[in-house]
Amino acid sequence: MLELEQLQVLTGGEAAAHAMRQIDPDVVPIYPITPQTPIIQGFAKFVADGRASGELVDVESEHSAMSAAVGAALAGARTITATSSQGLALMAEIVYIAAAMRAPIVMAVGNRALSGPINIHADHSDSMLVRDSGVVQLFVENAQEAYDFMVMAPRIAEHPDVLLPVFVGQDGFTITHSAEPVALLPDAEVKTFVGEYGVPFPLLDLNRVTSQGPFAMPDSYFELRVALADAQAAAASVLDEVLAEFAAMSGRSYEALESYRLEDATHAIVVMGSSAGTVKDVVDELREEGQAVGALQIRCFRPFPTERTAEALRGVTDVAVLDRADSPGGRPPLYAEIAGLAPSVRSHVYGLGGRDLHPEHVRAVFAGEAPHYVGLRGSS
């Protein structure tokens, strides 16, 4: 078990910065944007204080930050960066390229609404913008998970069967700027757990000259995209392996999806991110009132655990999916993954632009009394 002195009161942003300090990546391209700025700012202070040695690369935009990250990772340097909202939108072109070039970059995402109108608070629309890029996407519930999954992210990204960017999303302000006790692992244990960095064909290896990022004609493009899909599929098994190893080291167990009091539930809510805590609290309250309710928290959105989700919801007759991102004219992203996996699946969108999800909203969702847009002013 961890010693008491390893408990610190940290925000999610500070927790992620500590994970970066312990990993001590070789290169960290940086461009600040609210609410991820404390993550990179915190790591930069560790470098300035001599507690980390990573090379900070100041760039002129998020597009350049991801471009620098691709070059550094493929040249043979462990690379971590961070962004939010419009920053991820500006990166989107290079995010697709990073996945296609199999660059194992780790990125902390302070999830924030996309413009317009401009808004600096939490929702998941930024991550959903690149949901089909090929990156692994993880969503955490609190500061402890922000730390733990940042520690695990390099192991997933750099696995030879994966070699994909891994994004660790924490809800902006709700997690990035909210403090709570966080148990940090000893520096040496993290260093050993993460291990040495390596890519199979580094750009700077002149003894094995390779083509990187070539133009692909129809006779090869299809196969390359399928190879990317295969790497995503492999990431599911790799995530399980890394989670098991992390649990053995830390005593903290996680799964790609967490079933909460679903064993005999007839009604369930599916949710991602910080709102999972609110939903679980309401589940406990309703259970005390004799209602057979439960929750399913999705931590790994890509690759999506479809079969496990269906198994977790087996026997649940009514499922409500809470999306913190909308898809105007179509199905919201999390609902699109869940639809058809239970006899009845309802779609609800909540929390856009940082709008709070209150326990009474969750109760209304369970009761089937909530509108599609939960918490919208003027709705019943």
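This is a short group-meeting talk about how the two domains of one protein model meet, plus a helix and a serine.

Okay, hi everyone. Before anything else, keep in mind that this is a predicted model.

Let's begin with the big pieces. The domain assignment splits the protein into domain 1, covering 4-250, and domain 2, covering 257-374. If you take the C-alpha centre of each domain, the two points are 27 Å apart.

So how many residues of domain 1 are in contact with domain 2? It's 27, and they meet 22 residues on the domain 2 side. Together the domains bury about 1,900 Å² between them, with carbon and sulfur atoms giving 53% of that. On the domain 1 side, the residues that lose the most area to domain 2 are R131, F139 and E141, which together make up 30% of what that side buries.

Now, the charged and polar part of this interface. Five salt bridges turn up across it by the rule. As for salt bridges, have a look at D240 and R308 on your screen: they form one, and their closest N and O atoms sit 2.6 Å apart. Counting polar contacts between the two domains gives 16 residue pairs, both partners being at pLDDT 80 or more.

Which elements supply the domain 1 side? At least two residues each come from helix 5 (125-129), strand 6 (136-139), helix 6 (143-157) and helix 8 (218-250). Helix 8 has the largest share, with five residues.

Next, a helix for you to click on: helix 9, residues 275-288. With 14 residues, helix 9 reaches 20 Å from its first C-alpha to its last, close to the 20 Å expected at 1.5 Å a residue. Quite a few of its residues are buried, including V279, V282, V283 and L286. K280 and R287 are on the buried list too. Here's a handy thing to remember when you look at a list like that: an α-helix has 3.6 residues a turn, so residues three or four places apart point the same way. After helix 9 comes G290, and its phi is positive, near 90°.

Last stop: S347, which you'll find in strand 14, residues 345-350. Is S347 buried or exposed? Its relative accessible area is 16%, and because the cut-off for buried is under 20%, S347 counts as buried. Leaving out residues up to four places away in sequence, S347 touches V321, P332, Y335 and H372.

That's my tour, thanks for listening!

Notes
Residues numbered from 1 in each chain as written. Predicted model: local features only at pLDDT ≥ 70, side-chain atom pairs only at ≥ 80, totals over all residues. Heavy atoms only, no water. Helix = DSSP H or I, 4+ residues; strand = E, 2+ residues; numbered from the N terminus. Expected span 1.5 Å × (residues − 1). Buried < 20%, exposed > 50% of the residue type's maximum accessible area, 1.4 Å probe, protein only. Domains from an automatic or database assignment. Contact = heavy atoms within 4.5 Å. Buried area = accessible area lost by both parts, 1.4 Å probe. Salt bridge = Lys/Arg side-chain N within 4 Å of Asp/Glu carboxyl O. Polar contact = N/O pair within 3.5 Å; in protein donor to acceptor, adjacent residues only side chain to side chain.
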